[in-house]
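Subject: Structure for you to look at

Dear colleague,

I am passing on the structure we spoke about, and I would be glad if you could look it over with the notes below beside you.

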Amino acid sequence: MFHSGHRKDWEDDGTAGCGGRPARQGVRGVRAGGELHGEFIRPQVSGWDLFLGFDVTWTLGLQHYDGDLAMGGLGGSTAWVSRKHGYSCAFVTRHLAGPHRMMALEEAIESAR
């Protein structure tokens, strides 16, 4: 799944827009409200993550990298929102694997921008 920032309502799409701008309308704006959504995507804590093995900044459930948001799963599945480039993407695998394919996908998307 790939959503480009060219789509006016991308931030209101429930799947790909989870880390977009705080909505003032749409499903997320009605259910959570801009203030709650802002708190959800705001960095909450930073430091060494014992499981991941590197320094990470966490929001209330997502990893925060220079304004972008991401969450990876076991087996190489991941989803991220590039707020600075205006797109979001999800990558799901059917087997246990490392992050190699996701990293290649991200590199391809970034190089095409």
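The notes that follow take up the strands, then a turn residue, then the pocket and the core.

Please bear in mind throughout that this is a predicted model.

I begin with the strands. Strand β4, residues 63-65, runs antiparallel to strand β5, residues 68-72, and three bridges join them; one pairing to look at is that of Gln63, whose bridge partner in β5 is Ala70. On its other pairing, β5 meets strand β6, residues 78-82, again in the antiparallel sense and over four bridges, and here the bridge partner of Ala70 in β6 is Trp80. Ala70 is thus a bridge partner of Gln63 and of Trp80.

Both connections are hairpins. The hairpin of β5 and β6 has five residues between the strands, and Gly75 in it takes a positive phi near 95°, whereas the hairpin of β4 and β5 has two residues between the strands, with Asp66 in the turn. Asp66 deserves a second look, as its phi is near 50°, a positive value in a residue other than glycine. Most residues other than glycine have a negative phi. With a relative accessible area of 68%, Asp66 is also exposed.

The largest pocket holds about 680 Å³ of space. Its lining is made up of 29 residues, and those that lie nearest its centre are Gln63, Tyr65, Gly72, Thr78 and Met102. The elements that give two or more residues to this lining are β3 (54-58), β4, β5, β6 and α3 (100-112), and β5 gives the most, with five residues. By residue class, the lining of the largest pocket divides into 15 nonpolar, 10 polar and four charged residues.

The largest nonpolar core has seven residues, namely Ala70, Trp80, Tyr87, Cys89, Phe91, Met102 and Ile109. Both β7 (87-91) and α3 supply at least two residues of this core, with β7 giving the most, three residues. Ala70 and Trp80, the bridge partners mentioned above, are both members of the core, and Met102, which is among the residues nearest the centre of the largest pocket, belongs to the core as well. As for Phe91, once its neighbours within four places in sequence are left aside, its contacts are Gly76, Ser77, Thr78, Arg101, Met102 and Leu105; of these, Thr78 and Met102 are also among the residues that lie nearest the centre of the largest pocket.

With best wishes

Note on methods: Residues numbered from 1 in each chain as written. Predicted model: local features only at pLDDT ≥ 70, side-chain atom pairs only at ≥ 80, totals over all residues. Heavy atoms only, no water. Pairing = 2+ DSSP bridges. 1 Å grid on protein atoms, 1.4 Å probe; cavity = no way out; pocket = protein on both sides within 12 Å on 5 of 7 lines; lining within 4 Å. Points joined across faces, edges and corners; volume = space filled by probe spheres on them. Nonpolar A, V, L, I, M, F, W, Y, C, P; charged D, E, K, R; others polar. Buried < 20%, exposed > 50% of the residue type's maximum accessible area, 1.4 Å probe, protein only. Core = buried A, V, L, I, M, F, W, Y, C linked by side-chain atoms within 4.5 Å. Contact = heavy atoms within 4.5 Å.
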